[in-house]
Each structure stands twice: as C-alpha cells, then as structure tokens.
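I opened this notebook to keep track of what I looked up in the structure, in the order in which I looked. The entries cover the contact between chains, the enclosed space and the charged pairs.

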Amino acid sequence: MKDFVKLFDEIDSTTSTNEKVEALKDYFKHATPTDSMWTLLLLTGRLSKRTITSRSLSRMFLTQTHYPEWLLEECWDHVGDTAETLSLLAHSLNLCRETSSQTDTSLTAWMEEKIPNLARIKDEEKQSQSLINLWKKLTAQEIFILNKLITGAFRVGVSEKLVIRALSEVYGVPTDQIAHRLSGNLDTGEQAFERVVSQEAVAANFSQPYPFCLAHPWNERSEKNFDPKEWCIEWKYDGIRAQVIRRESHTWIWSRGEEDITETFPELTEIFTHLPEGTVIDGEILVFRNQRISSFQALQKRLGRKKVSEQILKDYPAGFMAYDCLEFNSRDIRQETLKERRKKLEKTVTKIHDSKVLLSPTIDVDTLEELNELRMKARERDAEGLMIKWWAGVYSVGRKTGNWWKYKVDPLTLDAVLLYAQSGTGRRSNLYTDYTFALWNEKKELIPFAKAYSGLDQSEIDELDAWIRRHTKEKFGPVRSVQAEHVFEIGFEGIGSSARHKSGIAVRFPRILRWRKDKKAEDADTLQSAQELLRAVNREE
Amino acid sequence: MDLIRATNEGLYCPVGDFYIDPWRPVANAIITHAHADHAHWGSRQYYSSAKCAPLLQLRLGEDLPLQTYLPSEKFPMGKTWVSFHPAGHILGSSQVRIEYGSHVWVASGDYKRTPDPSCDPFEVVPCDTFISEATFALPVYQWDRGEVTAKKILEWWQQDQERPSLLFCYALGKAQRILAELARLTDRTIYIHGALEAITNIYRHAGVKMLPTASIFDHDKGYSFKGDLILAPPSAHRSPWMKRFKEPQTAFASGWMLVRGTRRRKGYEKGFALSDHADWNELNQTIQETQAQTIFLTHGRTDVLQRYLTEQGKTVRLFQTEYDAHEEAS
Ligand SMILES: [Zn+2]
Ligand SMILES: [Zn+2]
C-alpha cells in the first residue's frame, strides 16, 4: 500500500495537473494490475461501499484506548474528519510507527482480505484489538489512508479525466477508448484492468450489439401451430436491420452485419440521443418519403458513405421502424416474452416523439385465411410480407428457434455469397459479369447453388469488377475464385430438389435482385434455409 | 497567595513589582522571548536572558534599556528572586522563575520539548504554580522529531529540480530551525528573503550551526532558481516578491500544517508540521514534571487542557492574556 499512500500524498500536495498526471503515471507504471484496478476504482469514486462506518471506527478506538469521548469530539471538531482524527490520535498515543515498515501489504490484500476480515469480526473487543494491531504496523499517514478505505470515504483531488489521461499515456490507448471502458459496471481484478487498458478493441462492451434474432421462412409446420391469439403479426419491411444502442451517454447503430453504421445515419443518431440511458432497440432502417416507405434501392444510396451530404440527407431521409426492445433501464430483457418486451418498447419509443421513429404496428388476425389475405396486401403497405412472432417467445440468438417467422409476398429469394466470377462475352468480355453464388452448409462451407448474369447496374458492375480483380484467390482459365465477402440477394422463379447439384437444390431463372452491402458473408443464407424455402414453396403450389 | 495576576497591562507580580511580557508600556518588563506578541515596545526597563538580547535589540532598538542574565542566574526584583531558564522555543527563549519566601512560580512563556538544534533545550524547573501556554492543546497535535520533518522537506525540495522550491515559515525561530535541521542532511546554500537576514545573522553569531545562506539579490535577473530552496515569511506568499520565481512549488512549515484541512485552507501545496510550541503530550508531560499543584493557562486551547487536567485532579485556572494563540506572526 506504500505506493498508493505515496500517490495520494503526491496528488494531495500539488495543484499542478501535470504533476498529478506524472504521479499517476509513475504509479501505474509500477503497480500490479490488481492494485491498479483498485486504485482506479478508488480514485474515480467508484467504490463508495463502506465496510465499517466512521461511528463504529470511533467506537473501536474508544474501546481500546479508554479515551475520554469528549476529547475525541473536540479533536473531531478541530479536524473535521474521522479517519484523519483517528490517525492523528494513533500518532499521539504511539499506536503507529514513525517511519514506514520494511514489509508492505499490497492495496489488493488490504481491500480483498485484511479489511473484509476486520469487518467480519463479530466480537467488538476483538475487532477493536485487531484494528489497533493493524495500525501499529503503519505510519500515521498510512493509518489515515487505511481508515479512509475502511470507511469508504476515500476522496482525493484528482478528476477522472486526469486518471484517464495518465492511463492513456502509460498504456498507449486513446483516452476516449478508456473513458468508454470505464463507463459501465467495473469489476475488480487483473482481467478487469486488462480490459480497461488493452490496446486491442476488446469487446468495447458498451457499444456492442446483442446477436440478432433471425426469422425462418413460414412453412407448413408453422402453419399447423398457428393460433392467432398467440402470435404477433407485423409487416415485414425491406430495409436494413439494425440495433440502436443508447448507453453511457453514447449512441450506436449497428447493422445486422455487425457494422457500426452510426455515422451513416446522423439524423437517426441525433434522434436516438433522446433514448433513455441503458436502452437497446431492434428494428429496420428505411427511407421515409412523403408518408411512404421507399424501396431498398433508395436506401442503398445511403450505404457505404463516409460523409453524408446535405443533399443525400434531403433526398433520402432515413427513418426507423422499431419492433423490439432488448435492453430496458440498463437491463438485458431478452429472456422476457415478446409481450413484455413490446410493452417496454412502446414505453421507450413513445418517449421519443419524432415522426422518423415509428413503432412497428401489430395487426390483428383471426384466421389463417385472414393471414394469407393480409400477406397479399403487403405491397400496398410498402412491405415485402409479414413477420409472425410468438408472443410468449424470448429474443433468441440466431436462427435457433422458431419464435420468429417471415412470410414474404415473393418468398423466392436467398441471400448468397459471391464465390466465382467469369468474364462475359461480347460487349462485356473485358468485365467479370458472370457470377456464381453459394450458400453455407452445416460445416460452415460455402456450396455453390446458382449462377446469375444480370441484375446489377453498370456502376455496380464496374465496382464489382474492380473488386474481383483485387481480391482473386485463384484462377482457373477464365474463372476466378474470390474471397467470400459480398452478399447478393438472389431471386428465382422456382426451386426444387436436385441430386445432380452438390447443394441438393436447383433454382429456375436466378437473377441478382440486389447487392446486400449491409450484410457480411456470415449473414448469408444456409442450405438448410433453402430446404425450408423449398418445402414452403411446394406447399403453396 | 497569588504571586502573579493578570492585569490590563500584562501578567503582574505585585511583590516584585514587575510584569512578564507586558503588552502595554510598564516600569519593569521581564521578557521571555523576542516574538512580537511577547516583546512590546515602550517600557522603562527591560530584563531578559543574555541570548535573547540581540533579538530584542533588533526588534525594539539598539539603545533599549535592557539588563541581561545568564541561565539560572538569580537576581532580586522587589521582594522576589527571579531567574531565567531555557524554554526550548526559540533562541534565548526563557521561562521566568519567581521565588518569594517558600513560594515558587514559573511563567514559561512559549515552550517546546521537541529537540531543536537552534536553541537550548527546555529545562524542567520544579514549582508550586506553573504558567503554561496551550497553543496546540489538542491531542491530535503530536510532532515528529525535527530530523524526520527535515528529511521530508529535503525530499520535497530535491524531487523537483525543475522549479524553485519556496518554503514559507515564520522569520524568527522557524526559519533558523529549518536551516539548522537541514544542515545535518545537506550542505547546499539556501536563499532567504530579506526579512530573514538580520535574524539569521544573530543566530549565526550565537553559534547556531546552520546551512550557508544567500540573498536572492545575489543573482542577476536572469537566474531561474531552478532546484533551489528559498525561505520566506508567510507575508511574502502571493506578494509581488514571488513574481521573481517562475512556477515555484510552495510549502508552509508550521505546526498547524499537521491537519489536512488547514493545509488546504491556507492555499499552500505542501505543508510540513514543524512547530516551536509544545504538542499535547509535551504540555502534559511538562505540567507533570514541574510537580506544580496549580496550573495557569494563558493562550491557545485552554478550554480543552483545563478540562483534561481538571479530570486528572489538578487545579487549573486561566489568565486572560494578549499572547497570540496562532503562533507568532513574525
Ligand atoms: Zn513565541
Ligand atoms: Zn507566543
């Protein structure tokens, strides 16, 4: 604890911020990670838990010394602080050392063993005896610090900012990064400290989204279980799935590809600063124009931009359709039922009062027939189908359970990864325009399932061609294999099983519907989802 | 009978017809020490210890009507015999012993028991009645030995060689004690404020071993005083005099600096608890050792000490005086 006492003394006896930072740096350079963590918690006032009250500490002192109580009170009146008064009296009564002892007990040992052990002693006589025994091994100044730690009243004239600055300079981590890491519930111990000062962007836990809950295509099986009272029906919008996070006075927006798109949608970020602290909502980013929802093509104009111009903001104004709440009052509520989460979502969204953030409407349906009729009206509502969610379901991770179903108007699409490219013929012979797409199998391998030639516009073709040339893995004659990175939504007119194809399925007239820049390769569909689609389609026909 | 009583002029001894440390002009003034609250101008005849004389003359004038005596040398005053005995407070500071028939009273002025290389140690003088100060009469006040504090001062000064170190302290007694205490640890030259020069010279003439000193005007304007220690009186703190030093680190040496809150209120960065008064234990120890049955308290936390001694079975009375309870101003 000597180093900690020295640090306190140095901070306490200078008004220069530079000197304070120097003292802090010197301390953190030499301290163990666990001591550093305790120090960090103490200096930034994150430990206010008092083990023993000032009153009990005084009582212990009186029990051991038989000191007149009035005299202690006179001293307290003069000094104004119990911890200090008692340390000065320990000095006066020779219950301490004049100079520091050779052996040193670490701050961690004090905080994790010695002080808790002292607090645990039930017998008042024994407890006060132990206190005095602890004092006797320390100097008056060390006793002062110990008393402060015991009574949880530790304060010293240093701002959190200076502590962060010192850590930043010692560990070479940007100050705002440390500030972020300090803004949650901090633990004690080596690992906690490692998280604070790590140079890697370790789970910047506050900014991170939860894993997204994904939907399965609606099928026969799910239809059998359909009970209108138990299911929540919503429109399925064709936008960018996103989680909005409001924590520690910061706002983040994450796409399903776990890409931080906060900067891409400044107007939404602005609105979401009004979310209550400790909120995470799930929903869809869309372009809202003239009271309607624009097509995905409009939304694409907003993607992949570092700087968003005024013109773009005006032409393609973004909005948010909120449909789930994952964190409420800083509490992870994903294990609550959709019914409960929906109530909290409503509470949260109604607080925002902005026409750019809407609550996804729920629709009452009494029968399966009504459900199907509703689905056919989706286009009128600028939607691509229905979402069917179980009211009693939790917010599950990935596609694990069948809590969420999607029921598209045009269900014949799959998101696939570009795997091979080949140059075209004729006018396009110098460009790579023929593509092979793949889906994931259970072993996390990409299995080719369709070839497509059309669907991209010229600028997209040029962009993709340039990318293909730079990211070729192998060349087989005119064919190049490329890194698995880009996801495309592939539409087709029929799907059937096929023993001839490695994928086990064959699709008719595949075409590229759009380049899903909002998705990562991992987000593409699986062969399993293709099989589900196959079953769903065959039921319909 | 009361050999001494408090009057408007000061502590008066009727049978000896003299005052001790009177604050108004009187006929006969016996002076315990040269601090301003004890040595006032205007009396007809002054009496002091020999070592106190040069300081009194510096304060009150070269031609001061002054008679001096060696320690323990008895001299008659009226119907009493009076003698000076070292008080350990500052150079020449003395207790005044008054003997009248079988009665012995001792007026101690200001005193301390902590060893101090700049003055003679306190002598315990057995007496019936002891007149004591109570400046630091709270148990929280417990001084470290001078060398412990001196080491802290040295450390503070040495650890910042990039800035001047300004240490503020009272000009008479404290400054010279620091110079004497530090002389055991270093041989560096210390710069002193003008207000300290004459007093320091008197100490040097008296044979007190101190560090060499120099005036800040020994250097031309460009000199930075980086890494130097400068002693100055508290009145110089935040005065134009301080502008001479660029971004100095500042500290104050005084008994009051023991308490963190006081340290912060005074506006110094660092405080060193160094006092020329007795701490709580020294007061009690001294009162015990004199074997006095009756104690008079003059200034300071007389309320606390009175209650405490009364609970120990002592007879304790108070004298209203005009002695400064906040340590001497200069
Ligand atoms: Zn004095
Ligand atoms: Zn005095």
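The entries below follow that order, and I keep in mind throughout that this is a predicted model.

**Entry 1: the interface**

I began with the contact between the two chains and found that 25 residues of chain A are in contact with 27 residues of chain B. The two chains bury about 2300 Å² between them, and I noted that 50% of this area is on carbon and sulfur atoms. On the side of chain A, the residues that lose the most area to chain B are Trp70(A), His78(A) and Glu98(A), which together account for 27% of what that side buries.

I then turned to the polar side of this interface, where I counted seven salt bridges between chain A and chain B, along with 15 residue pairs in polar contact, both residues being at pLDDT 80 or more. I looked up one of the salt bridges by name: Arg264(B) meets Asp12(A) through their side chains, at 2.6 Å from N to O. Asking which elements of chain A supply two or more residues to the side that touches chain B, I found α1 (2–12), α5 (69–79) and α6 (82–92). By residue class, that side of chain A divides into 10 nonpolar, eight polar and seven charged residues.

**Entry 2: enclosed space**

Next I searched the whole structure for cavities of 30 Å³ or more, and the search gave two. I followed up the second largest cavity, which holds about 70 Å³ of space. Its lining consists of 14 residues, and the closest to the centre are Leu11(B), Gly109(B), Ile131(B), Thr298(B) and Tyr323(B). Two strands of chain B, β11 (129–134) and β18 (294–300), give two or more residues each to this lining, and β11(B) gives the most, with three residues. I recorded the lining of the second largest cavity as five nonpolar, seven polar and two charged residues.

**Entry 3: salt bridges over all chains**

Finally I took the count over all chains, which comes to 52 salt bridges. Within chain A, I looked up the salt bridge of Glu384(A) with Lys236(A), whose closest N and O atoms are 2.7 Å apart. This pair links distant parts of the chain, 148 residues apart, with Glu384(A) in the loop between α18 (368–376) and β11 (385–390) of chain A, and Lys236(A) in strand β2 (residues 231–236) of chain A.

Methods:
Residues numbered from 1 in each chain as written. Chains lettered and ligands numbered in written order. Heavy atoms only, no water. Contact = heavy atoms within 4.5 Å. Buried area = accessible area lost by both parts, 1.4 Å probe. Salt bridge = Lys/Arg side-chain N within 4 Å of Asp/Glu carboxyl O. Polar contact = N/O pair within 3.5 Å; in protein donor to acceptor, adjacent residues only side chain to side chain. Helix = DSSP H or I, 4+ residues; strand = E, 2+ residues; numbered from the N terminus. Nonpolar A, V, L, I, M, F, W, Y, C, P; charged D, E, K, R; others polar. 1 Å grid on protein atoms, 1.4 Å probe; cavity = no way out; pocket = protein on both sides within 12 Å on 5 of 7 lines; lining within 4 Å. Points joined across faces, edges and corners; volume = space filled by probe spheres on them.
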